[in-house]
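Visitor: Hey, got a minute to walk me through this one?
Guide: Sure, pull it up and ask away.

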Amino acid sequence: MGLLLKIFIPLLGLALAFYFYSAPENFNEEMLRGKRVIVTGASSGIGEQMAYHLARMEAHLLLTARTEAKLQKVVKRCLELGAASARYVSGSMEDTTFPEVVVKEAENTWGGLDMLILNHIGYSYFNYFNGDVGHVRKLLEINFLSYVAMTTAALPMLKESEGSIVVVSSVAGKTGAPFCAPYSATKFALDGFFSSLRQEFIIDKVNVSITLCILGYIDTESAVRAVSHAIRDTPAPKEECALEIIKSGALRRRELHYPPRAVGSLLLLQSVAPDFLDSLIRSNYKVENIRR
């Protein structure tokens, strides 16, 4: 069985990678030059790396996150890298008015918007679900409802520019995994809402693309700190992940799977052998290192 898995899983991944990436790559950095882009969760991790890539592509940037001091450093670096402009708005997505504040800042500054990259997340524990419904409610507000609120506020400008919405999600929003029930719930909600919204856009001939980014284990500081003691996988690089997210948004793809082979294999197995996939996922955890 072990040998079969070693052969089978890579083949699944390659098949999925070919399916999703067989079209010729037409990405060019010129696509982002002068574009007006909001990036949330931009003070660290994948969001910070996206800001730097977009700066090199000479985009106009509006960055947001909780910590003002970190945002100031990221904005300064973006300007050094060649951003057409870079500014920030600091605040918490726990504040239900904050999404509209961010979008209003973009409208007042630029008069429009070309790309909305939704990347922020709230803190969630990595452990057995402890019955804390309040935590689930709070996480839904940050990880899901604020995404809906920002999209709603930004949609008139995105319709005018025929722009793009990029939603950073996770394999935890496609298939169940242990020790992240509240987080997983919010990511499943994103998939349901934005997949439904995409259908409505097509019916109404609204030329705004929605790209859902299904990410595996990435080497951000927060992810490594939270799960490295319990997961056997090696994390993928955040710099490359950030670039692939930008490319997928610019190319108006339906979904990004990153890393493609690993995520593609999981999603295909979920369709053809869900119980087998569940057992594989459980075997990837060092359960003895999870403390209740």
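**Salt bridges and the fold**

Guide: Let's start in helix H3 (residues 68-81): Glu80 and Arg77 are three residues apart there, so about one helical turn separates them. Helices here are DSSP runs of H or I with at least four residues, strands are runs of E with at least two, and both are numbered from the N terminus.

Visitor: What kind of model is this, predicted or not?
Guide: This is a predicted model, where local features need pLDDT of at least 70, side-chain atom pairs count only at pLDDT 80 or more, and totals for chains, interfaces and linings use all residues. Residues are numbered from 1 along each chain as its sequence is written, and side-chain values use heavy atoms, with hydrogens and water left out.

Visitor: Back to Glu80, what does it form with Arg77?
Guide: A salt bridge, with the closest N and O atoms 3.3 Å apart. The rule is a side-chain nitrogen of Lys or Arg within 4 Å of a carboxyl oxygen of Asp or Glu. Arg77 is partly exposed, at 37% relative accessibility. Buried means under 20% relative accessible area, exposed over 50%, and partly exposed in between, with a 1.4 Å probe and protein chains only.

Visitor: How many salt bridges does the rule give?
Guide: The count comes to twelve. One of them joins the side chains of Arg36 and Asp114, at 2.9 Å from N to O. That pair links distant parts of the chain, 78 residues apart: Arg36 is in strand E1 (residues 36-40), and Asp114 is in the loop between helix H4 (98-110) and strand E4 (115-118).

Visitor: Is Asp114 buried or exposed?
Guide: Buried, with a relative accessible area of 13%.

Visitor: And what does Glu255 pair with?
Guide: With Lys174, in a salt bridge at 2.9 Å, N to O. Glu255 lies in strand E7 (residues 255-258) and Lys174 in the loop between strand E5 (164-170) and helix H6 (181-203), so the pair ties together parts 81 residues apart in sequence. Both residues are buried.

Visitor: Which residues form a network?
Guide: Glu30, Arg33 and Glu58 are linked by salt bridges in one. Glu58 has another feature: a positive phi of about 65 degrees, although it is not a glycine. Glu58 sits in the loop between helix H2 (45-56) and strand E2 (60-65), and is partly exposed at 34% relative accessible area.

Visitor: What about phi at Glu162?
Guide: Also positive, about 50 degrees, and again not a glycine. Glu162 is in the loop between helix H5 (133-161) and E5, partly exposed at 46%.

Visitor: Where's the cis peptide bond?
Guide: Between Tyr258 and Pro259, with omega about -5 degrees. Pro259 belongs to the loop between E7 and helix H9 (260-272).

Visitor: Zooming out, how many helices and strands?
Guide: Ten helices and seven strands. The C-alpha trace spans about 60 × 45 × 40 Å along its principal axes, and 48% of the 292 residues count as buried.

Visitor: What share of the contacts join residues at least 24 apart?
Guide: 73%, among contacts between residues at least 6 apart in sequence; contact means heavy atoms within 4.5 Å.
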